[in-house]
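Visitor: I'm comfortable at the bench, but less so with a model on the screen. Could you walk me through how to read one?

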Amino acid sequence: MLGETYCRAGRYREAADLAKNIPSGSPNSADALMLVGDACMKLRRMDEAEKAFLESGRAAPDNAQALRAAGELLIARGKYPEAQKLYSDAVRRMPKEALLHSGLGLVYGFLGIQDLAVKESEAAAALSPDKADVLFDLGLTYERLGKRENAKETFIKVIQAEPGSTRAYIRLGLLHESENDLEKALFYYREAMNAHPDCPFAPCHMASVHAKRQELEEAKKYLEKAVAIEPGLIDAQHNLGVVLYLQGNIEAAKKQQTLLGDLDKASAEELMKIIYD
């Protein structure tokens, strides 16, 4: 498939533009539109990504993966009522699809409908008790509803189902960090880094803990690691400037502010106030 070839080669623009040439209802159009949606997301062309995912779901109304992708994007864009409708309709058609119950549970959580959020998320886990994606969603639901111990137990199950799960390690780290159990938080962030050395988020969280402990050199080291992996991480670039300022390295902080100005004007202005006020 040409779209898949483009995506593997990192040629996302060509993959995204394929949407114009995919006949509606053609064989494999759902899979092709999924690839187009993924490519559009990487290019931050969110309107086109949403359209591609929704069209993929319409092309294959029983394709749970396509519907889940469409729902996830709607959630990410804050379109909760639309996501609720999409998932509710899909669950009625496919009541045994755990991913759809799981997505519906996430939507109810964002809408603040706690009892239905737990009901749908637990229904998903009952249907697929060993599926890491479903368990991870259940953990997120517990976390958002303040059921912290349930969340921790569930994220541990994710690691059992998905050994080396960076996402589960990071959620566990965040839970312990929020409880000021900084040693345990560092342990889980370190596990995330070991499992996925190219993930920029684990070193960001490591830096957060070290900054809380006033270990500025360690915080600087991990922020530099994060932005080396992903230069576009605005928060990491901003926090690196703050750490440089706190270390007394004003010139380096100013250079960081200039760099940040090319990425995000508001964050650059916020850093400028810290440096000059």
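## Reading the model

Guide: Let's start with one helix: in H17, the buried residues are Ser267, Ala268, Leu271 and Ile275. Those four lie on the same side of H17, because they span an arc of only 100° around its axis. The arc is taken from the directions that run from the helix axis to the C-beta atoms. By buried I mean under 20% relative accessible area, while exposed is over 50% and partly exposed lies in between (1.4 Å probe, protein chains only).

Visitor: What should I know about the model itself before going on?

Guide: It is a predicted model, with residues numbered from 1 along each chain as its sequence is written. Local features need pLDDT of at least 70 and side-chain atom pairs pLDDT 80 or more, totals for chains, interfaces and linings use all residues, and side-chain values use heavy atoms, leaving out hydrogens and water.

Visitor: Back to H17, then. Which exposed residues does the face turned away from its buried side carry?

Guide: That face has Lys265, Ala266 and Lys273. The buried residues, for their part, pack against helix H15 (234-246) and helix H16 (250-261).

Visitor: How do I check the length of a helix?

Guide: Take 1.5 Å times one less than the number of residues, and you have the expected span. Helix H17 (residues 265-276) has twelve residues and should span 16 Å, and its end C-alpha atoms are indeed 16 Å apart, so the two agree. Helix H14 (residues 216-229), with 14 residues, reaches 20 Å from its first C-alpha to its last, close to the 20 Å expected.

Visitor: And what covers the buried residues of H14?

Guide: The cover includes helix H12 (182-195), helix H13 (201-212) and H15. The residues being covered are Leu216, Ala219, Lys220, Tyr222, Leu223, Ala226 and Val227. Yes, there's a lysine in that list.

Visitor: How many helices and strands are there in the protein?

Guide: You'll find 17 helices and zero strands. Both are DSSP runs numbered from the N terminus: H or I over at least four residues for a helix, E over at least two for a strand. Of the 277 residues in the protein, 46% are buried.

Visitor: Now aromatics. How do I describe two rings?

Guide: A pair of aromatic rings is described by the distance of the centres and the angle of the planes. Rings of Phe, Tyr and Trp (its six-membered ring) pair when their centres lie within 6.5 Å; planes under 30 degrees apart are stacked, over 60 edge-to-face, and the rest tilted. The structure has four such pairs. In one of them, phenylalanine 187 and tyrosine 188 have ring centres 5.1 Å apart and planes at 70°, so this pair is edge-to-face. Phenylalanine 187 is partly exposed at 39% relative accessible area, whereas tyrosine 188 is buried at 10%. Together with Tyr169, they form one aromatic cluster.

Visitor: What touches histidine 176?

Guide: Contact means heavy atoms within 4.5 Å. Leaving out neighbours within four places in sequence, histidine 176 is in contact with Lys152, Asp181, Lys184, Ala185 and Tyr188. Histidine 176 belongs to helix H11 (residues 166-178) and is buried, with a relative accessible area of 7%.

Visitor: Is glycine 105 buried or exposed?

Guide: Buried, at 0% relative accessibility. Glycine 105 is part of helix H7 (residues 98-111). Setting aside residues up to four places away in sequence, it touches Ala117, Glu120, Ser121 and Thr141. Glycine 261, in helix H16, is partly exposed at 36%.

Visitor: What about a charge over a ring?

Guide: The test is NZ of Lys or CZ of Arg within 6 Å of the ring centre and within 35 degrees of the ring normal. Here the charged end of arginine 167 sits over the ring of phenylalanine 136, 4.7 Å from its centre.

Visitor: Last one: what can backbone angles show me?

Guide: Most residues other than glycine have a negative phi, and most peptide bonds are trans. Asparagine 180 has a positive phi, near 65°. Its place is in the loop between H11 and H12, and it is exposed at 58% relative accessible area. Glutamine 214 also has a positive phi, of about 60°. You'll find glutamine 214 in the loop between H13 and H14, exposed at 62%.
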